Amino acid sequence: MYTESSSLRRDLFRCLAAGAALTLVAASPAAAQDTQEFTGTFGQLNDSGLSGEVSVSLTGTSAEVTLSIDGVVDLVHAQHFHGEFGAENVCPTVALDVDGDGLVSTVEGVPSYGTVKASLVTEGPTDASYALAITSFPVASGGSYEYSRTIELPEELTNDLENMIVVVHGIDLDGSGEYDGDAPSSLDESLPLEATIPAGCATLVAAGVTPTGSVAAGAGGTAPDDSTSARSTSTLWIVAAGAGALAVATGVRRRQA
Ligand SMILES: [Cu+2]
């Protein structure tokens, strides 16, 4: 009796162990194809008036990127994933205005949001070398634009996407209706400053950390920092960082760990 029962238990154990091993083997490829969701809320930079949202659905190295942008001039807007791998990338503050012109240029913002890691162009290659492919970025109409495209990202970038920043560029500083003026771009002297100056910035947050439903619900274009009273402190910090809120102490980091 005892032997039989013990043998049964052994068989049962073997069965369970084998099942567990199979489950582990089966789970690995499936996990790689899970879709991870990331969201971000744009805050304006350089008093641009920009607001908006970004979402990224990442499956493997395929990223469906959607931007909804308001409050911009009806011209082309360069837009990129910025960041340094493993660094704590954040949206910049006016403290980074090194040359004292009252504006944070694209280059002045790099110590905060890092270099370009992907170019969110409407067609063609999306690597960093297309960061200034100024004819391939979306053009706003009526002060807004939508962007939606599924792009392939380098694996290194997909592994660190939660740490990336989305930057939208282009402000008509003098209200002329064109990107013009004597001040040159900090990236390319053949372009005016207006064409490349950062207009908005969003930190990507893994969905589930910040429920998307709580962000700017029904705000209808209200700046994120105007409607923070109902938010939890942790959400507020994330929104403040996303807004590049100029009044926030420079020590703010998205990851408080
Ligand atoms: Cu950029």
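In this predicted model, F38 has A206 of strand β9 as its bridge partner. The two strands concerned, β1 and β9 (residues 205-206), pair in the antiparallel sense over two bridges.

## Strand β1 and its partners

Strand β1 comprises residues 35-44, and seven of its 10 residues are buried, so the strand is largely enclosed by the rest of the structure. Besides β9, strand β1 pairs with β2 (residues 51-59) in the antiparallel sense, over eight bridges. With β8 the pairing of β1 is likewise antiparallel, over two bridges. The table gives one bridge for each pairing.

| Strand paired with β1 | Bridge partners |
|---|---|
| β2 | F42 and G52 |
| β9 | F38 and A206 |
| β8 | Q44 and G200 |

## The loop between β1 and β2

Strands β1 and β2 form a hairpin with six residues between the strands. N46 is placed in this loop, as is D47. The phi of N46 is near 55 degrees, a positive value in a residue other than glycine. D47 also has a positive phi, of about 55 degrees, although it is not a glycine.

Which of these residues is buried, and which is exposed? N46 has 22 C-beta neighbours inside 10 Å and therefore counts as buried. D47 has 12 such neighbours inside 10 Å, so it counts as exposed. The cut-offs behind this reasoning are 20 or more neighbours for a buried residue and 12 or fewer for an exposed one.

## The nonpolar core

In soluble globular proteins, nonpolar side chains tend to be buried together. The largest nonpolar core of this model has 47 residues, of which F42, V56, I69, I165, V166, A199 and C201 touch the most other members. Elements that each supply at least two residues of this core include β1, β2, β3 (62-70), β5 (116-119), β7, α4 and β8.

A199 can be followed further. Leaving aside its neighbours within four places in sequence, A199 is in contact with ten listed residues, among them Q44, L45, N46, V72, V168 and I171.

## Helix α2

Helix α2 spans residues 106-113, and its buried residues are T106, E108, G109, S112 and Y113. Seen down the helix axis, these buried residues fall within an arc of 150 degrees, so they line one face of α2. An α-helix has 3.6 residues a turn, so residues three or four places apart point the same way. The elements that cover the buried residues of α2 include β4 (79-82), β7 (165-169), α4 (193-196) and β8 (198-203). After α2 comes G114, whose phi is positive, near 80 degrees.

## Y147 in strand β6

Y147 lies in strand β6 (residues 144-152). With 19 other C-beta atoms within 10 Å, Y147 is partly exposed. Apart from neighbours within four places in sequence, Y147 is in contact with T66, L67, L120 and P138. Y147 and L120 are 27 residues apart in sequence, and their C-alpha atoms are 8.7 Å apart in space.

## Confidence of the prediction

The mean pLDDT of the protein chain is 77, and 68% of its residues reach 70 or more. Over residues 1-6 the pLDDT stays under 50, and the model has zero contacts beyond four places in sequence for them. Over residues 209-257 the pLDDT also stays under 50, but for these residues the model has 70 contacts beyond four places in sequence.

How values were computed: Residues are numbered from 1 along each chain as its sequence is written. Helices (H or I, at least four residues) and strands (E, at least two) are DSSP runs, numbered from the N terminus. The arc is that of the directions from the helix axis to the C-beta atoms. Two residues are in contact if their C-beta atoms, placed from the backbone, lie within 7 Å. Two strands pair if DSSP finds at least two bridges between them. A nonpolar core is a set of buried Ala, Val, Leu, Ile, Met, Phe, Trp, Tyr and Cys residues joined through C-beta atoms within 7 Å. pLDDT is the predictor's confidence in each residue, from 0 to 100.
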